[in-house]
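Biologist: Could you take a close look at the enclosed space inside this one for me? I'd like to hear what surrounds it, and then whatever else catches your eye along the way.

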Amino acid sequence: MKDSIIMIEHEMKLKLELDNLVVLCGEQRVTYPLNKIECIVIDNMNASITGRLLSKLAEMNVSLITTDKKHLPIGIYNPYYGYSRSSKMLVAQIEFIKNCGHLWKEIVSVKINNQAKTLELLDFDSRVVDNLINYSKSVEIDDMTNKESFAAKVYFNELMGVSFSRGNDEILINGALDYAYAIIRSTIAKIGIGCGLNMHLGIHHRNEYNDYNLADDLIEPFRPIIDLYVYKLMYGEEFFSSTHRKDIVNILYKKILYKDLNIDIGQAIKEYVKSFAKLIKDNENNIEYPCVENVEFAAVNYKFDHYIDDYIFSEVEKDEL
């Protein structure tokens, strides 16, 4: 996995020189090689970027996320092509999604089980945990009885309270969840494109207006992991700050035990998506799903740290929008 996510939080200009990202702020200048960058997050409405850099980002498979005036992700820019045999993979993917209800059953079951374990790790009502575990065991092919929806209501009512609504922008933690989901969704999408997958063609999500249906399918087992991270980060907080956003970006670098390896979550996502692509291409199902108990921040005494650098020059003060 590449080793950097660049956060642009002030009014700056981004351009390309050779194969490097150049960030300009007044007379200040920072250069960073694009082959070391996983993702760029532009979190200021006055920042600008050149067309040459956008083209190079696509060529080098570097994601770009833009945010709105509330600092919430609003756009994702990923390469259109990223695989030398895209048409062959597309044919295989179309054939695969005709009969993939069994896979959606697996995904939903794992997601609900991770929701149950998230509540257990946070010492919520054991009866609710048991109910969710029972839901996870009773998911049918293609989730015909909609256990995912029932479980989500039970889960969020317990985790956030019965008045909580994921659609309410006024609830502080929703912004943080949306930010974190966007980071993981973008990562899944760029890896999927690199594997030759068409993100429009989902196995369950099939919204004709959604360019990332498949990413929305594959992210589901990771959602409770994100929820745990964000819940611990935002518990008792009054504002969704710049520091919180940096911590959320850091989730890709947190450790998880996956396939018997202690690796970054970002690397686990890469292995997970590659396994899905191999299932479509070679009909080999060796997908291993992530377990929330295996992430480092599942520990009771876990402490957040802040080590993602953004391009802020100490001698140049800019007001955030």
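Modeller: Sure, let's start with the walls. Keep in mind that this is a predicted model. The lining of the largest cavity is made up of I5, E38, C39, S63, I65, I183, S186, T187, K190 and L252. Three elements each give two or more residues to that lining: β5 (37-42), β7 (63-67) and α6 (172-194). Of these, α6 has the largest share, with four residues. By chemistry, the lining splits into five nonpolar, three polar and two charged residues. As for volume, the largest cavity holds about 50 Å³ of space, and the structure has one cavity of 30 Å³ or more. If you're wondering about the idea behind this, rolling a probe the size of a water molecule over the atoms shows where empty space is left.

One lining residue, C39, takes us to the cysteines. C39 counts as buried because its relative accessibility is 6%. C195 is buried too, with a relative accessible area of 15%. A disulfide, in general, is a covalent bond between the sulfur atoms of two cysteines. The count of disulfides in this structure is zero.

Now for the rings. The model has eleven aromatic pairs. Take F96 and F276: their ring centres are 6.0 Å apart and their planes sit at 90 degrees, so this pair is edge-to-face. F96 belongs to helix α2 (residues 86-96) and F276 to helix α10, so the contact ties together parts that are 180 residues apart in sequence. Both partners are out of the solvent by the usual cut-off, which is under 20% relative accessible area for buried. F96 counts as buried at 12% relative accessibility, and F276 counts as buried at 2%. Elsewhere, Y229, F297, Y302 and F304 come together as one aromatic cluster.

Some rings also have a charge over them. R223 lies over the face of Y181, 4.5 Å from the ring centre. R245 does likewise with F240, at 5.8 Å from the ring centre.

Next, K303, which is found in the segment after α10 (265-282). K303 counts as exposed because its relative accessibility is 67%. Along the chain, K303 and L233 are 70 residues apart, yet 9.2 Å separates their C-alpha atoms.

Last stop, the backbone, where two residues might make you check your Ramachandran plot. N146 is not a glycine, but its phi is positive, at about 60 degrees. You'll find N146 in the loop between α4 (126-137) and α5 (147-160). With a relative accessible area of 37%, N146 is partly exposed. K259 is another residue other than glycine with a positive phi, this one near 55 degrees. K259 sits in the loop between β9 (255-258) and β10 (261-264). Its relative accessible area is 26%, so K259 is partly exposed.

Back to your request, then: the cavity holds about 50 Å³, and α6 supplies the largest share of its lining.

Terms used:
Residues are numbered from 1 along each chain as its sequence is written. This is a predicted model: local features need pLDDT of at least 70, side-chain atom pairs count only at pLDDT 80 or more; totals for chains, interfaces and linings use all residues. Side-chain values use heavy atoms; hydrogens and water are left out. On a 1 Å grid over the protein atoms alone, a cavity is a set of points where a 1.4 Å probe fits but cannot get out, and a pocket is an open set with protein on both sides within 12 Å along at least five of seven lines; lining residues have an atom within 4 Å of a point. Grid points are joined across faces, edges and corners, and a volume is the space filled by probe spheres set on the points. Ala, Val, Leu, Ile, Met, Phe, Trp, Tyr, Cys and Pro count as nonpolar, Asp, Glu, Lys and Arg as charged, and the others, Gly among them, as polar. Buried means under 20% relative accessible area, exposed over 50%, partly exposed in between (1.4 Å probe, protein chains only). A disulfide is a pair of cysteine sulfur atoms within 2.5 Å. Rings of Phe, Tyr and Trp (its six-membered ring) pair if their centres lie within 6.5 Å; planes under 30 degrees apart count as stacked, over 60 as edge-to-face and the rest as tilted. A charge sits over a ring if NZ of Lys or CZ of Arg is within 6 Å of the ring centre and within 35 degrees of the ring normal.
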